[in-house]
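Reader: Hello! I would love a close look at one part of this protein, with some of its surroundings for context.

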Amino acid sequence: MNVSVGTFTNFTKEGEYYLLCDTIGQSYKFSISNMIYDTLLTDLLHEISDNRWQEFHNEAEELYAINEETFMEVSGGWYTSVADDEKIRDVKDGCETLINLLMSAELYMEEHSDAVGIKESGNEIPDIMDEAAYEAIWLLKMQDGKNGSVYSSLTEKNDELLLGESDIKTCQKYIIAMAKFSYTMKKYDNTFATECLRASDAAWKYVESIRASKKEEDKKMQDEIDESLRFFGATELFRASGAHRYHVVIKEYVDDTKDENKWSKSDYLGIYTYLGSRTGVSKNICEEWMKQIMDLGEEIAEETKKS
């Protein structure tokens, strides 16, 4: 195998280009532009919007028959998997996408416009929040109003609509996504934000009831509880509501974050959320986590020098 290196760093003229090599041929086309990421963001939102339920259906609503007399209205949401014979709206995947959108909105809201070109453009709300709200509306429908648990998915297969059973990981992702959405959305629609916060809290209470249960039939679900996701959920709910019961969980988890090199993604994001909370935080906890983040940054920088 022949390995070659070519450098064109100093070439900065904007335009569309490709690389050509005598031995291996032509590369894919690529662009050089100062605005390259603006297009990427617009394309991302269009891609998500194109997978809305309404893009695949002409009817006004979609009903799932729980029994002969009871129906559940389930229209909306993003398709997370589309094939000729099967289309899936997965709640856990939807929540993960929602969390990522909201993180971008929190960090870079000034970069998000109201003119991306989705259906809601021009309503004086950043389009990234409109897209997030579209999924949040559907997620509200996917919660069991009796106990706070969350159905895992909706699958359309062979003209049949299948409702996925509730599972713990889905509930934990739901808690995080809905609390984070509530926090970011409240400046645009406080009533809707409050409804989503209540849904997150209901799912939290459901998972906590399973975690504290002494019933043998709940043991399998207890084993599925991810303590790192529980911590992340507690930080989001604490930031959105300020409730003491979530702070208790956060403080209990501090010992599990003593080694920053073992932080999971959920640990890091939960710590970020806590440090971004405006009221009620522990100064000592904040100082310790900030020191750990600085230490971790130094370690990463040192390792990068060796690369």
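How many cavities of 30 Å³ or more does a search of the whole structure find?

Author: Happy to help! This is a predicted model, in which local features need pLDDT of at least 70 and side-chain atom pairs count only at pLDDT 80 or more, while totals for chains, interfaces and linings use all residues. Residues are numbered from 1 along each chain as its sequence is written, and side-chain values use heavy atoms, with hydrogens and water left out.

The search finds 1 cavity of 30 Å³ or more. A cavity here is a set of points, on a 1 Å grid over the protein atoms alone, where a 1.4 Å probe fits but cannot get out, and its lining residues have an atom within 4 Å of a point. Grid points are joined across faces, edges and corners, and a volume is the space filled by probe spheres set on the points. By that reckoning, the largest cavity holds about 40 Å³ of space.

Around the largest cavity you will find Gln172, Ile175, Trp204, Val207, Glu208, Leu229, Arg230 and Gly233. At least two lining residues come from each of H4, helix H5 (190–212) and helix H7 (227–241). Helices (H or I, at least four residues) and strands (E, at least two) are DSSP runs, numbered from the N terminus. By class, the lining of this cavity has 4 nonpolar, 2 polar and 2 charged residues. In this scheme Ala, Val, Leu, Ile, Met, Phe, Trp, Tyr, Cys and Pro count as nonpolar, Asp, Glu, Lys and Arg as charged, and the others, Gly among them, as polar.

H4 also leads us to the core. The largest nonpolar core has 76 residues, and Val91, Met129, Leu139, Tyr174, Phe181, Phe192 and Trp289 have the most contacts inside it. Its largest share, 11 residues, is supplied by helix H4 (residues 168–185). A nonpolar core is a set of buried Ala, Val, Leu, Ile, Met, Phe, Trp, Tyr and Cys residues joined through side-chain atoms within 4.5 Å. Buried means under 20% relative accessible area, exposed over 50%, and partly exposed in between (1.4 Å probe, protein chains only). In soluble globular proteins, nonpolar side chains tend to be buried together. Take Met129: leaving aside neighbours within four places in sequence, Met129 is in contact (heavy atoms within 4.5 Å) with Leu102, Ala105, Met109, Phe181, Thr184, Met185 and Tyr188.

For comparison, here is the largest pocket, a pocket being an open set of points with protein on both sides within 12 Å along at least five of seven lines. About 380 Å³ of space lies in the largest pocket. Its lining has 13 residues, and Ser4, Gly6, Cys21, Thr23 and Ile24 lie nearest its centre. Strand S2 (20–21) and strand S3 (25–26) are the elements that give two or more residues to this lining. The pocket lining has 6 nonpolar, 7 polar and no charged residues.

Finally, the wider setting. The protein chain has 10 helices and 10 strands, and buried residues make up 42% of its 307 residues. The C-alpha trace spans about 70 × 55 × 45 Å along its principal axes. Of the contacts in the chain with a separation of 6 or more, 59% are between residues 24 or more positions apart.
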